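These are my notebook entries from an afternoon with one model. I went through the ligand site, the cavities, the backbone and a few single residues.

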Amino acid sequence: METVGVIGLGVMGAPMAANLIKAGFDVVGYNRSAGPVERLVAAGGRAATGIAEVAAQADAVVTMLPDSPDVEEAVLGTDGVLTHAREGLLLVDCSTIRPETSRAIAEAAREAGVRPLDAPVSGGEQGAIDGTLSIMVGGRDDDFAAARPLLDAVGRTVVHVGTDGAGQTVKAANQMIVAGVIALVSEALVLLEASGVPTGSALTVLKGGLAGNQVMNVKGDGMLARTFTPGFRIDLHHKDLGIALDLARATGVAVPLTGAVSQLLTAARARGLGALDHSALLLVIEELAGRAPASGDRHPAAS
Ligand code: NAD
């Protein structure tokens, strides 16, 4: 495997592509808007004018797109990856999408002679920049083994969790936990502020005990300063909890906390906060406490 195509050079795809270049891969990239492709070329990659051009020359293609319909279109569409792929191409979808979509894509891929893996990631933008992502992979053993050098170039904890779609199922669980932690950290911060306790020193001591978590480590200071430049957008996390709630319904599992946090994310979107980082859930909690109205108008990154 030498040439890796990357489709989707956004918050996550761009730094992942940069790490593939650093690891010695020949990276050819495509993004719907031009700016990210220019930045890829500046980082040592090559530009493609479309998905067909990426697929035709790649040994492996990484997709890093927002949602299930985007991946379906890019892979299964008339001018998509499967139409132009060489026999044996590895298709590594790192987007967070519905497990059933991953399974449908895997079936179509194998029929076209393409080797599919669902490989969603966790660790956020910083993890993508540092090449330390957690990657949960669904698919076949031999395809996982073949993709391992590529995955190791962008991740630190890379685990084969099961068959087609299993990576997406684990990612849904990941997103339930992250959203719940953000909501609780938000409630704790608003409580501390309302009590007049200095939140900076409170965060420092909380990080050292059993309450310590990555949300506080990575996003705590930004939450205190009310800076919510994404990062991971509220809109995307809302999409992910929709996936988790559908899975819960399909498996007959009650997930009351996930349901509640999903509603808080809906409230955030209704207030124009959807383009902010998911830590902006704090603004909704703050509004519920009657302390400040939550509105996207007050945050430049929201538009
Ligand atoms: P993003 O919106 O920043 O990036 C997506 C990119 O894909 C954009 O640059 C967009 O122009 C491009 N794009 C959309 N449709 C396209 C198409 N058909 N062809 C080519 N390019 C296209 O999103 P992101 O934050 O990088 O997230 C991507 C995926 O990774 C999502 O599924 C998200 O849920 C998941 N994810 C994000 C994070 C994070 O912290 N941002 C962390 C883990 C997982």
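**Ligand site.** I began with the residues around the ligand, counting a residue when one of its heavy atoms lies within 4 Å of the ligand. There are 23 of them, and Val11, Asn31, Pro66, Arg233 and Lys239 come nearest. By class I get 11 nonpolar, seven polar and five charged residues in this shell. My classes put Ala, Val, Leu, Ile, Met, Phe, Trp, Tyr, Cys and Pro under nonpolar, Asp, Glu, Lys and Arg under charged, and the others, Gly among them, under polar. Helices α7 (124–130) and α12 each supply at least two residues of the shell. For the element names I used DSSP runs numbered from the N terminus, with helices as H or I of at least four residues and strands as E of at least two.

A note on the source: this is a predicted model, where local features need pLDDT of at least 70, side-chain atom pairs count only at pLDDT 80 or more, and totals for chains, interfaces and linings use all residues. Residues are numbered from 1 along each chain as its sequence is written, and side-chain values use heavy atoms, with hydrogens and water left out.

**Polar atoms at the ligand.** Next I looked up N and O atoms facing the ligand's oxygens, with polar contacts taken as N or O pairs within 3.5 Å. Arginine 233 uses its side chain: an N or O atom there is 2.8 Å from a ligand oxygen. Valine 11 contributes a backbone N or O atom, 2.9 Å from an oxygen atom of the ligand. Threonine 96 also does so through its backbone, with an N or O atom 3.0 Å from a ligand oxygen. On its own the ligand has 830 Å² of accessible area, and the protein covers 91% of that. The areas come from the Shrake-Rupley method with a 1.4 Å probe.

**Cavities.** How many cavities of 30 Å³ or more does a search of the whole structure find? I count two. The search ran on a 1 Å grid over the protein atoms alone, and a cavity is a set of points where a 1.4 Å probe fits but cannot get out, with lining residues having an atom within 4 Å of a point. Points are joined across faces, edges and corners, and the volume is the space filled by probe spheres set on them.

The largest cavity holds about 90 Å³. Its lining includes Val71, Leu91, Asp93, Ile105, Pro116 and Asp164. Strands β5 (90–93) and β6 (115–118) and helix α6 (99–111) each give at least two residues to that lining. I sorted the lining into seven nonpolar, two polar and three charged residues.

The second largest cavity holds about 30 Å³. Thr96, whose backbone I had just noted at the ligand, is one of its lining residues, along with Ile97, Gln168, Lys171, Ala172, Gln175, Asp240 and Ile243. Helix α9 (166–195) gives the most, with four residues, and α12 (234–251) is another element that supplies at least two. The classes here are three nonpolar, three polar and two charged.

**Backbone between α11 and α12.** I checked this loop for unusual angles. The peptide bond from proline 230 to glycine 231 is cis, with omega near 10°, and glycine 231 lies in the loop between α11 (214–225) and α12. Arginine 226 sits in that loop too, and its phi is near 60°, a positive value in a residue other than glycine.

**Single residues.** Buried or exposed? I used under 20% relative accessible area for buried, over 50% for exposed and partly exposed in between, with a 1.4 Å probe and protein chains only.

- Serine 68, in helix α4 (68–76), counts as buried because its relative accessibility is 4%.
- Methionine 64, in the loop between β4 (60–63) and α4, is also buried, at 14%.
- Glutamine 57, in helix α3 (51–57), is partly exposed at 24%. Its C-alpha is 49 Å from that of leucine 210, 153 residues apart in sequence.
- Leucine 191, in helix α9, counts as exposed because its relative accessibility is 57%. Its C-alpha and that of isoleucine 285 are separated by 9.9 Å, with the two positions 94 residues apart in numbering.

Definitions and conventions
1 Å grid on protein atoms, 1.4 Å probe; cavity = no way out; pocket = protein on both sides within 12 Å on 5 of 7 lines; lining within 4 Å. Polar contact = N/O pair within 3.5 Å; in protein donor to acceptor, adjacent residues only side chain to side chain.
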